[in-house]
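I am opening these notes to record what I looked up, entry by entry, and what I found each time.

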Amino acid sequence: MAEPANRAGADEPRSPWLRSGFVLAAAFIGFVAVIGVVVLVNSDSSGRDDGSAASAAKNAATPQPDGADDAPQSSAETDGGGSCPRLPDRRTEVPTAAPKGVGWKLFGTVALPASKAAGPAVAGKDVARCYAHTPLGALLATSQISVRYLAADNWQKVTRQQVVGTGRDSYIAARTKSESTADPGSRDGGGQGQIAGFKFVTYTSSTAVIQTVWRFPDGKMQAATTTALWKGGDWRLEYPADPAAPTAVDSLAGYVSWGGV
C-alpha cells in the first residue's frame, strides 16, 4: 500500500521545477503533482516558448470516444475579461459517471476536458473561462485552471484572474522569484500526469470540493483535492495558505473513471 504524502513544510521550495518527480506535489495545491515538472519544459530561461513540437501540440485534439464537440463557444485571444454567456447545462446532480458531451484537447502535453454545454465558453491562449454554474461546470473549471495556472506561458495572468485564496499571492511571489534564479539545466521533463478519475467530496451552489486522480507514465496515481468557489459569475480555483499534498492511490475504486488519454 502506498503511503500518503505529507503536507509541505514551511521551508520547502514552493516552485515545482525546483524538485524532481511527483514528490514535488507536496509543495503546491495538489495539481503540481500532475505537471509540476512540466511547467518550464517547453520554455527557455526567459520563459519564452521554444517553438518545439510539444508547444504546437497545445491545439491538437485527442480522439474522442463519444464524438462530442469539445470546442469552446468562443475562442478569443482577448481572454482577460468580460461577462460570460449563459451556458445550456442546468444539471444540478453531482456526476456519478463520466459526463456526456465532454471532449478532450491537449494543453501542452496534458489532455483537458471541455464541453459546449458547461464550458469553458471563452478560451484564449492561456485563460479558459466561463463555466456553467453546475457541478459539471465546477469539474471542468478545476481541471482546466489547475493545469493552466501552472503550465500556461502567462501563468501570472491565469493565476490573478482565476485563482483566489489566502495562498495565491505568496505562490505568485515565490514562483516569480524562483523563475528568475532557477537553473534551466536542472529542470526535469518527466513525470507529467493525466486525469484518470474524479469524485465530488461536497457540492453547493457556491463551493465544490473535488478529488481528481492523476496517472503518471510509470503507472503510479495520486489523488488531489481542490476547491472551486463561485465568484464574480464564474468558478475560480481556491489556493489556501496551507495547501494539502496529494495522496497516493492504488486504484480507481471509489472514483469515476474519466480521462482523455
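**Entry 1: the disulfide**

I began with Cys84, which at 30% relative accessibility counts as partly exposed. This is a predicted model, so I treat every value here as a property of the prediction. I then asked which residue forms a disulfide with Cys84. The partner is Cys130, and the two sulfur atoms lie 2.0 Å apart. The pair links distant parts of the chain, with Cys84 in the loop between strand E1 (74-75) and strand E2 (103-107) and Cys130 in the loop between E5 and H3, 46 residues apart. For the geometry I noted -75 degrees about the S-S bond, which makes the link of Cys84 and Cys130 left-handed. My search of the structure turned up one disulfide.

**Entry 2: Cys130 and its backbone**

Is Cys130 buried or exposed? With a relative accessibility of 1%, Cys130 counts as buried, because the cut-off for that class is under 20%, whereas its partner Cys84 at 30% counts as partly exposed. I also looked up the backbone of Cys130 and found phi near 70 degrees, a positive value in a residue other than glycine. I wrote beside this the general expectation that most residues other than glycine have a negative phi, and that most peptide bonds are trans.

**Entry 3: a cis peptide bond**

With that expectation in mind I asked which residues a cis peptide bond joins. They are Gly119 and Pro120, with omega at about 0 degrees. I placed Pro120 in the loop between strand E3 (110-114) and E4.

**Entry 4: salt bridges around Lys125**

How many salt bridges does a search of the whole structure find? It finds five, and I followed those of Lys125 before any other. Lys125 meets Asp153 in a salt bridge with an N to O distance of 2.3 Å. Asp153 lies in the loop between helix H3 (135-151) and helix H4 (155-162), while Lys125 lies in the loop between strand E4 (122-123) and strand E5 (128-129), so the pair ties together parts that are 28 residues apart in sequence. Lys125 also forms a salt bridge with Asp126, where the closest N and O atoms are 3.9 Å apart; I kept this contact because a salt bridge is counted within 4 Å. Taken together, Lys125, Asp126 and Asp153 are linked in a network of salt bridges.

I then compared the accessibility classes of the three members. Lys125 is partly exposed, with a relative accessible area of 42%, and Asp153 is partly exposed as well, at 27%, but Asp126 counts as buried at 7% relative accessibility.

**Entry 5: another salt bridge**

I also looked up Arg168, which forms a salt bridge with Asp169, the closest N and O atoms being 3.3 Å apart. Asp169 is partly exposed, with a relative accessible area of 47%.

**Entry 6: helix H3**

Last, I turned to H3 and asked how far this helix reaches from its first C-alpha to its last. The 17 residues of H3 reach 25 Å, close to the 24 Å expected at 1.5 Å a residue. I found 17 of the 17 residues of H3 to be buried, so the helix is largely enclosed by the rest of the structure.

Note on methods:
Residues are numbered from 1 along each chain as its sequence is written. This is a predicted model: local features need pLDDT of at least 70, side-chain atom pairs count only at pLDDT 80 or more; totals for chains, interfaces and linings use all residues. Side-chain values use heavy atoms; hydrogens and water are left out. A salt bridge is a side-chain nitrogen of Lys or Arg within 4 Å of a carboxyl oxygen of Asp or Glu. Buried means under 20% relative accessible area, exposed over 50%, partly exposed in between (1.4 Å probe, protein chains only). Helices (H or I, at least four residues) and strands (E, at least two) are DSSP runs, numbered from the N terminus. The expected span of a helix is 1.5 Å times one less than its number of residues. A disulfide is a pair of cysteine sulfur atoms within 2.5 Å.
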